[in-house]
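Subject: Structure handover

Hi,

Here is the structure I promised to pass on. Please open it next to this email and follow along.

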Amino acid sequence: FPFKMASNDGNESKIKFEFRKLLLKISDRLSSENLRELKHLLVDQITKVKLETAEQGIDIFNILDERGLIKPEDLGFLRELLDVIERKDLCELIRVYEDRGSVAPPTTQRIYTEADLSDLLLGEIAKEIGKDWKMLSRHLGLPEYEIQSINQAYMFDLHEASFQALLRWKVKLGEKATVRALRRAFEDMRLMGIVQKYFDS
C-alpha cells in the first residue's frame, strides 16, 4: 500500500488529505434529493439545528468525522448511508480509495472455526452486507417469517437488520450454522470481498 497508517506526521497528513479529498468528491456528486435523504437518515446522530444548517454533503461528513462516525481507516458507516440512498457509484469510490491503499485497513479477524463466529465479528461482517441481507438470509436457510420479522423491526437500519439476521442464523440453525455454510452463502451471492477479507483461503 502506498499510504500506510504510521506515526510519521507527513504520512498521516497524506492519509487525511486523501480522506478529505474523497469526502469532497462524494459530496460534489450528491443531488439535493440525496442530501435530504441523508439528513433524514441521520436525525438520531446529528442535532436538528446542525442538519438544517448543512447545505452540502461535506457539511454532514465533517460532523460525522468530528463525532468519529467516519474515519480514514473506517468508512463502513458512510458506505452504509450511500447504500441506503442507492448511490452504488459513490460506494464504488470508497472501494477504489480503500483498494488503492490510501489507508491501512484495520486488522481483520479471520474465520477458521465456528468458535470464531463471535457476535462482535458478526457485527463487523454485517456492516458490509447492506441491502443484500434478505437474500443472504435465504441462502443461509433462515425461515421467511424470521426475515419478515427482522425487516419490520429494522426497516430503516440496514446494519442492524444484517446483524440480527446473522445472529438468528447462528442461534436458530444451531449445528447447521457452520463456517462452511456462511462462506458458501457469500460465495453463491458473489460477495467475494467479504470472503477474501474474513475467510481463510
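Below is what was found in it, taken region by region.

Please keep in mind that this is a predicted model.

**Nonpolar cores**

The largest nonpolar core holds 32 residues. Within this core, I125, L166 and F186 touch the most other members. Six helices give two or more residues to it: α7 (119-126), α8 (133-139), α9 (144-153), α10, α11 (179-188) and α12 (192-198). The top contributor is α10, with 7 residues. Another core lies apart from this one. That core has 27 residues, including L23, I58, L64 and L93.

**F186 and helix α11**

Start with F186. Leaving out residues up to four places away in sequence, F186 touches I125, I129, L136, L191, I194, V195 and F199.

Now look at the helix around it. V179, L182, A185 and F186 are buried in α11. Why do the buried residues of α11 line one face of the helix? Seen down the axis, they fall within an arc of 130°, so they sit on one face. These buried residues pack against α7, α8, α10 and α12. Just after α11 comes R190, with a positive phi of about 65°.

**I26**

Next, go to helix α1 (residues 9-28), where I26 is found. Is I26 buried or exposed? I26 is buried: its relative accessible area is 0%. Setting aside neighbours within four places in sequence, I26 is in contact with F61, L78, L82, L90, L93 and I94. One of these contacts, L93, is also among the residues of the 27-residue core. For a distance check, take I26 and D65. They are 39 residues apart along the chain, and their C-alpha atoms are separated by 14 Å.

**The second largest pocket**

Last, the second largest pocket. Its space comes to about 470 Å³. The pocket is lined by 20 residues. Closest to its centre are Q45, F77, E80, L81 and D157. Which helix supplies the largest share of the lining? That is α5, with 5 residues. Helices α2 (32-41), α5 (76-84) and α10 (158-172) each supply at least two lining residues. Note that α10 also gives the most to the largest core. By type, the lining divides into 9 nonpolar, 5 polar and 6 charged residues.

Best wishes

Notes:
Residues numbered from 1 in each chain as written. Predicted model: local features only at pLDDT ≥ 70, side-chain atom pairs only at ≥ 80, totals over all residues. Heavy atoms only, no water. 1 Å grid on protein atoms, 1.4 Å probe; cavity = no way out; pocket = protein on both sides within 12 Å on 5 of 7 lines; lining within 4 Å. Points joined across faces, edges and corners; volume = space filled by probe spheres on them. Helix = DSSP H or I, 4+ residues; strand = E, 2+ residues; numbered from the N terminus. Nonpolar A, V, L, I, M, F, W, Y, C, P; charged D, E, K, R; others polar. Core = buried A, V, L, I, M, F, W, Y, C linked by side-chain atoms within 4.5 Å. Buried < 20%, exposed > 50% of the residue type's maximum accessible area, 1.4 Å probe, protein only. Contact = heavy atoms within 4.5 Å. Arc of directions from axis to C-beta.
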